[in-house]
Amino acid sequence: ISFALDLFQKFEDLGYDIVILGGNHDYRNNSDSEHTSLRILERHPNVEIIKEPKLYNFSDKKILIMPWVGNHKEEHNILKTWAGKVDYLFCHSDLR
């Protein structure tokens, strides 16, 4: 933990923006994104922890970032909602 905290402090000192996509191993259980091991990094203003699907615009491209949802039906619904509306998808999922 000390190494990780020191590393994220260096990222903050250097002015690097960090986006972290929450995953199933970060959460207390599959559907509880509020109780996550990633919360320790929230003290850094340059760190954004994605807990809900979020759209980013980057270099004229639309990017959907979807963290672990833990419910296949809900994940399918999210993906259907955004189908054809984004250029890229980054997600943590075990959909098949």
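**Group meeting: a predicted 96-residue chain, beginning at serine 59**

I'll start with one residue. Serine 59 is exposed, at a relative accessible area of 57%. This is a predicted model, so please take every value here as computed from that model.

Where does serine 59 lie? It sits in the loop between S3 and S4. Its phi is near 50°, which is a positive value in a residue other than glycine. As background, most residues other than glycine have a negative phi. Aspartate 60 lies in the loop between S3 and S4 too, and its phi is also positive, near 65°. Aspartate 60 is exposed, with 81% relative accessible area.

Now the strands on either side. Strand S3 covers residues 54–58 and strand S4 covers residues 61–66; they pair in the antiparallel sense, over five bridges. The hairpin they form has two residues between the strands. Within the pairing, tyrosine 56 stands opposite isoleucine 63 of S4.

Another residue touches this hairpin from further along the chain. Aspartate 87 is placed in the loop between H2 and strand S5, which spans 88–91. Which residues does aspartate 87 touch, leaving out those up to four places away in sequence? They are Asp60, Lys61 and Lys62. With Lys62 there is a specific polar contact: the aspartate 87 side chain reaches the backbone nitrogen of lysine 62 at 2.8 Å. The C-alpha atoms of aspartate 87 and leucine 64 are 8.1 Å apart, although 23 residues separate the two along the chain. Is aspartate 87 buried, exposed or partly exposed? Its relative accessibility is 43%, so it counts as partly exposed.

Let me step back to the whole chain. There are two helices and five strands. Read from the N terminus, the order of elements is α-β-β-β-β-α-β. The chain has 96 residues, and 29% of them count as buried. If you take contacts between residues at least 6 apart in sequence, 53% of them join residues at least 24 apart. The accessible surface is about 6,800 Å², and carbon and sulfur atoms account for 52% of that.

Next, the core. In soluble globular proteins, nonpolar side chains tend to be buried together. Here the largest nonpolar core has eight residues: Leu5, Phe8, Ile18, Ile20, Leu38, Leu41, Val47 and Ile49. Three elements each supply at least two of those residues, namely helix H1 (2–14), strand S1 (18–21) and strand S2 (47–50). Take leucine 38 as one member: outside its neighbours within four places in sequence, its contacts are Ile20, Gly22, Asp26 and Ile49.

On to charges. How many salt bridges does a search of the whole structure find? The count is three. Glutamate 48 and lysine 54 meet through their side chains at 2.3 Å, N to O. Both partners have some accessible area: glutamate 48 is partly exposed at 26%, and lysine 54 is partly exposed at 32%. The other bridges share a partner, and through them Arg39, Glu42 and Lys51 are joined into one network. Within that network, the side chains of glutamate 42 and arginine 39 form a salt bridge at 3.7 Å, N to O. On the other side, glutamate 42 bridges to lysine 51, with the closest N and O atoms 3.0 Å apart. Glutamate 42 is partly exposed, at 39% relative accessible area, and arginine 39 is partly exposed at 47%.

Last, helix H2, residues 72–82. At its start, a side-chain oxygen of asparagine 71 comes to within 3.0 Å of the backbone nitrogen of lysine 73. After H2 comes glycine 84, with a positive phi near 75°.

Inside H2 we find glutamate 75. Is that residue buried or exposed? Its relative accessible area is 0%, under the 20% cut-off, so glutamate 75 counts as buried. What surrounds it? Not counting residues up to four places away in sequence, glutamate 75 touches Met66, Val69, Gly70, His92, Ser93 and Leu95.

To recap the two acidic residues at opposite ends of the scale: glutamate 75 is buried at 0%, whereas aspartate 60 is exposed at 81%. That is where I'll stop.

Notes:
Residues numbered from 1 in each chain as written. Predicted model: local features only at pLDDT ≥ 70, side-chain atom pairs only at ≥ 80, totals over all residues. Heavy atoms only, no water. Core = buried A, V, L, I, M, F, W, Y, C linked by side-chain atoms within 4.5 Å. Buried < 20%, exposed > 50% of the residue type's maximum accessible area, 1.4 Å probe, protein only. Helix = DSSP H or I, 4+ residues; strand = E, 2+ residues; numbered from the N terminus. Contact = heavy atoms within 4.5 Å. Salt bridge = Lys/Arg side-chain N within 4 Å of Asp/Glu carboxyl O. Areas by Shrake-Rupley, 256 points an atom, 1.4 Å probe, with all protein chains shown as cover. Pairing = 2+ DSSP bridges. Polar contact = N/O pair within 3.5 Å; in protein donor to acceptor, adjacent residues only side chain to side chain.
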